[in-house]
Number of protein chains: 2
Amino acid sequence: MSKKDAFDLKDFLPYLLNQAAEVTSREFQTYYRRRYGMLRTEWRVVFHLGRYGDMTATEICDRSMTHKTKVSRAVKALEKKRFIKRTVVEEDKRNETLSLTPSGRAAFRDLFSAARTYDETVTRQFSADENDVLRACLAKIAGT
Amino acid sequence: MSKKDAFDLKDFLPYLLNQAAEVTSREFQTYYRRRYGMLRTEWRVVFHLGRYGDMTATEICDRSMTHKTKVSRAVKALEKKRFIKRTVVEEDKRNETLSLTPSGRAAFRDLFSAARTYDETVTRQFSADENDVLRACLAKIAGT
DNA sequence: ACATATTAGTTGCTTTTGTAACTAACAAGG
DNA sequence: CCTTGTTAGTTACAAAAGCAACTAATATGT
C-alpha cells in the first residue's frame, strides 16, 4: 500500500499470498486429481521421488516441510494405488526407501510436464524481471 | 528457473506460493488465535466489518472469495464469542446485517494494527520496487 | 549388558474444510 | 393466487489436516 491509513485486506501479504496460492493450487489440482486420483501431498511425494530419486519418508518431510503424518498417509495411499513401493533398509530397519513403480513413473512424467506447462501459463503474464522478483521474494518469505 | 530441464519443485509457482502463504499465515495466526481464539475465517469476517462497515454474510463471501458455509460457521462462532451481532433486515428477511460489538471492535483495532505491523516486518525484507512487483503479481494471480 | 533416549513411521482422536442437500423468504409469470 | 425459480443462510455428512500418543528399531551412557 502507499498510505498507511488505507491499509486494506488486499494490502495484507498473508491474505494476498493465500488467495494467490489457492487459485493456482485449485487450477493445478485438476491434473493430479482427475487423472490420477491423487491428493496434493501425494503429488508432492511423487514429484520428489521422480525428480530426485528414491528416498525415505523423512527425507521428503524435510525437503518439503511437510508433517510426517501427512506424508505417511500419502505414502499409504500411493502404495494402494500402485504408484510407489517401499523397501525396508536392511542396515537400519526403521527406514524404508520409497521408489516409484513403472506406473508411478509414468504418472510423474505426465504430471511433471503438466506442471511445467502450467507454470509457464502463469509466468507468461509477467516480464522476465517481474518473474525473477516474484520468485525471489516468495522463496525468501518461505525461508528456503 | 533459467533452464527448462532444471525445473524443480522450488520453481513451481503453486508450490512456492503455498509455502510462502503457509509461513506467513502460521506466523500471523498466533495473534488472532492466542489472543482472541479466532480462526482465520473469523478474523477475515472481523476485518471486513471493522474496515468496511456493517454488511451481510453474502457480501463478505463476495469480497473475500470465501465459501458461504465457511462464513456461516465463522459468523456463528463470532456471535457465540460476542464479537459480532446480527440484525435481520426488515425489508428482506433473508438478509441479516452483521456488525461488530464493542468487544469485537476492540479486537478489530488490535488485530488491524498487528496486521499492519506484521505486514511491515515482511515487507521490510524487500525494496520498494520489489514490493510493488510482488504485490502486483500476487494480485494478478489471485484475480482481484 | 542394560536402562534411557532418539528416530522412523503409524494410528486414533479431534478440529477444520468441502460438498450437497435443505429451509425460509422473496420474485415473477401466468 | 399459485406454481416455478432464485437468493440468503444453515446443516448434515464426508474428506482432509493437525496433534498427540504409540510401536519398533537403533543409539548412547554407564
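A polar contact is a pair of N or O atoms within 3.5 Å; within protein, one must be able to donate a hydrogen and the other to accept it, and residues adjacent in sequence count only if both atoms are side-chain atoms. The model is predicted, so local features need pLDDT of at least 70 and side-chain atom pairs count only at pLDDT 80 or more, while totals for chains, interfaces and linings use all residues. Residues are numbered from 1 along each chain as its sequence is written, chains are lettered from A and ligands numbered from 1 in the order in which they are written, and side-chain values use heavy atoms, leaving out hydrogens and water.

**Stop one: DNA strand D**

Select Arg73(A): one of its polar side-chain atoms lies 3.1 Å from a base oxygen of DNA strand D. Next, select Ser72(B), where a polar side-chain atom is 2.6 Å from a phosphate oxygen of that strand. For Lys76(B), the corresponding distance to a phosphate oxygen of DNA strand D is 3.4 Å.

Now display the 22 residues around DNA strand D (near means that a heavy atom of the residue lies within 4 Å). Those that come nearest are Thr58(B), Lys68(B), Thr69(B), Ser72(B) and Arg86(B). Of the strand atoms within 4 Å of the protein, 65% belong to sugar and phosphate.

Colour this surface by class: two residues are nonpolar, six polar and 14 charged. Here Ala, Val, Leu, Ile, Met, Phe, Trp, Tyr, Cys and Pro count as nonpolar, Asp, Glu, Lys and Arg as charged, and the others, Gly among them, as polar. Then highlight α4(B), which contributes the largest share, five residues. Helices are DSSP runs of H or I with at least four residues, strands are runs of E with at least two, and both are numbered from the N terminus.

**Stop two: helix α3 of chain A**

Select residues 57-64 of chain A; the buried residues of this helix are Ile60(A), Cys61(A) and Ser64(A). They lie on the same side of α3(A), because they cover an arc of only 105 degrees around the axis, taken from the directions from the helix axis to the C-beta atoms. Their packing partners are α2, β1, α4 and β3 of chain A, together with α1 of chain B. After the helix comes Met65(A), with a positive phi near 50 degrees.

**Stop three: Cys61(A)**

Centre on Cys61(A), which counts as buried because its relative accessibility is 11% (buried is under 20% relative accessible area, exposed over 50%, partly exposed in between; 1.4 Å probe, protein chains only). Not counting residues up to four places away in sequence, Cys61(A) touches Thr66(A), His67(A), Lys68(A) and Val71(A), contact meaning heavy atoms within 4.5 Å.
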